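Please walk through this structure with attention to its charged pairs, one pocket and one helix.

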Amino acid sequence: MKSLISFREIMIIAMSREKEPHPLFNEKISRREALSRAAKIAIAAGVAAVAAGVGGYLGWQYLAKPKAKIRVVAIAHAAPGMKAVAEEDFMKAYPNIEVETLLFDWETGRDRQLHEFATRAGEYDVVMWDCIYTGAFAPHCYPIDELRAKYPDAEIFKDYGDFLPTIDRRYMQWEGRRIGYVICANVMAMFYRKDLWEDPRIKDMYRKWIDKNLADLQAKAPEIGLDPKKIPTELKVPTVLEDVYAIGRFFTRKFNPDSPVEAGNTIMAMRTHTIHWEYAWLFAQWRNSPEGKAKCGELKEPWGGLFTEDGRIAFDPDVTDMGVKVLKMFKEFCEYVPNPMQTEWSECMELLGRGHAAMWAGSWASTFIDFIEKAPEEYPETAGKIWVAPAPGVPIDGTWQVGVNRYSKYPKEAWLYCQYLVLRESAIKQWKVSSSFPGRRSVIEELAPQYPGIFKEVFLDSLLRADFRNYVPENPMLEDSIAKWVTEYVAGRIDAETAIRELTKEWKSILKLSY
């Protein structure tokens, strides 16, 4: 496995936003070229065989079918697993199909694909999307029933009932038609320094610190949407946001000079797509509470937790004051990390992995491989010291899907590859290579015994009870809008009330809501 690219390396490459895949990502090119050369030799052998009147079928197969090259969009952490399946398995099974895996960070990949949909140039054959872009991508993906009708001989996967029903219904289908395949059923999870939580000296330090600071924490809690009665008086692994609030402050050296680490918790406030799910996560604890459901109703697809059951914006000040309070909570949590507005995914990885942070409460299952399985080589400073638990509060799901670009020049070959990615062996490999949590229940059950206390108890349980974000066609604009107004507030350029009112106004305009 030494030749595999780690997630940390992937993020460093992706953040460079280069137009073409970074050279490091193509470290297996020689292997692909070797396969290509082997195919050419096979073609030559086939020609000779036909000419000689022997080996007829194989020779004719290569003569009749020139090699097709499909271009595959691969986003961030899931990319190494997709690349491994393509190069180690798929191209061997289908030697007439070459797969070019193109690495992009999410913003760049999103924009390139949206441009592809506008121009219909057929630049990419397999497209990949975050779950919140299902509505935006759906019109530009081949429905599976159309592919099945056109290419019945290319159907190699039929076990759709094995997918977890929530993610299947939400993100693999749109308006009643199946459009793609979940290849990474990502869900939020917390990674934390278990050695700090288990240290009797630090436990005693927390007791003394909380005795001095409890009254101030309780006084501020209602202002940021938290319950003063839930603030922990003992050091515990966080299960609710009140724990992140108190324990995050305790481990932040700015608030506690005796803290063994600089950052109490990592969070991202750079103006990117991460703002959307971070705010949704912080809002979800109230939205899914009895009070939140009484005021906003049940969650409704495809709108999710940031909307009411009857289609209003749930954080609208005319609906509740919790939108403003949660925004203030977001800014409070930004106090626990140095330079929050310069912090993105890779910085959070480094802060926790290098031993500078106590926890990453709002992380994702996909970082399991870096912080735990490959920690000795990725993060020797904290190897064996980091553990995983459910994200505090109510988690958010974040699945990744692939589908066939409606404008592809090779839709049959692209569909074969998409199906191949969800076969049992492929799903297992993608987990082993890049912590892409499988979306198929049978694969989860098979892998679970290897990860007792984690696979089902943390990841699967979190996925089944997760809140979800809106995934309507307007989401590209909604995502950019929330990133803009939240960061304007965190930067101190506007107050929280103005930020939420302007955000609500802009979302209403984008969605053409008239309530």
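The paragraphs below take up salt bridges, then a pocket, then a helix and a loop residue.

This is a predicted model, and side-chain atom pairs are counted only at pLDDT 80 or more. Under the rule applied here, a side-chain nitrogen of Lys or Arg must lie within 4 Å of a carboxyl oxygen of Asp or Glu, and the count comes to 43 salt bridges.

One of these salt bridges pairs R71 with E123, at 3.6 Å from N to O. R71 belongs to strand 1 (residues 68-75), while E123 sits in the loop between helix 5 (106-119) and strand 3 (126-130), so the bridge ties together parts that are 52 residues apart in sequence. E123 has a relative accessible area of 36% and is therefore partly exposed.

A second salt bridge stays inside a single helix. K83 and E87 have their closest N and O atoms 2.9 Å apart. Both residues lie in helix 4 (residues 79-93), and because they are four residues apart, about one helical turn separates them. Are these two residues buried or exposed? K83 is buried, and E87 is buried as well.

Helix 4 also takes part in a bridge that reaches far along the chain. The side chains of K429 and D89 form a salt bridge, with 2.8 Å between N and O. Since K429 is in helix 19 (residues 424-434) and D89 is in helix 4, this pair ties together parts that are 340 residues apart in sequence. D89 is partly exposed, its relative accessible area being 23%. Elsewhere, salt bridges with shared partners join K69, R71, E100 and E123 into one network; R71 and E123 are the strand and loop pair described above.

The next topic is a pocket. The second largest pocket has a volume of about 300 Å³. It is lined by 18 residues, of which G225, D227, W286, E291 and M322 are the closest to its centre. By type, the lining divides into seven nonpolar, four polar and seven charged residues. Which helices each supply at least two residues of this lining? They are helix 11 (241-250), helix 12 (274-287), helix 13 (290-296) and helix 14 (322-334). Helix 14 gives the most, with four residues.

Helix 14 can be checked for its length. It has 13 residues, which at 1.5 Å a residue should span 18 Å, and its end C-alpha atoms are 18 Å apart, so the two values agree. The helix is mostly covered, with 10 of its 13 residues buried. The buried residues are M322, G323, V324, V326, L327, M329, F330, E332, F333 and C334. M322 is thus listed as buried in helix 14 and is also among the residues closest to the centre of the second largest pocket. The buried residues of helix 14 pack against helix 10 (200-220), helix 11, helix 12, helix 22 (475-490) and helix 23 (496-511).

Two of the buried residues of helix 14, F330 and C334, also touch a loop residue, A269. A269 is located in the loop between helix 11 and helix 12. Its relative accessibility is 0%, so A269 counts as buried. Beyond its neighbours within four places in sequence, A269 is in contact with I275, F330, C334, P340, M341, T343, T487 and V490. The C-alpha atoms of A269 and N339 are 8.8 Å apart in space, although the two residues are 70 residues apart in sequence.

How values were computed:
Residues numbered from 1 in each chain as written. Heavy atoms only, no water. Buried < 20%, exposed > 50% of the residue type's maximum accessible area, 1.4 Å probe, protein only. 1 Å grid on protein atoms, 1.4 Å probe; cavity = no way out; pocket = protein on both sides within 12 Å on 5 of 7 lines; lining within 4 Å. Points joined across faces, edges and corners; volume = space filled by probe spheres on them. Nonpolar A, V, L, I, M, F, W, Y, C, P; charged D, E, K, R; others polar. Contact = heavy atoms within 4.5 Å. Expected span 1.5 Å × (residues − 1).
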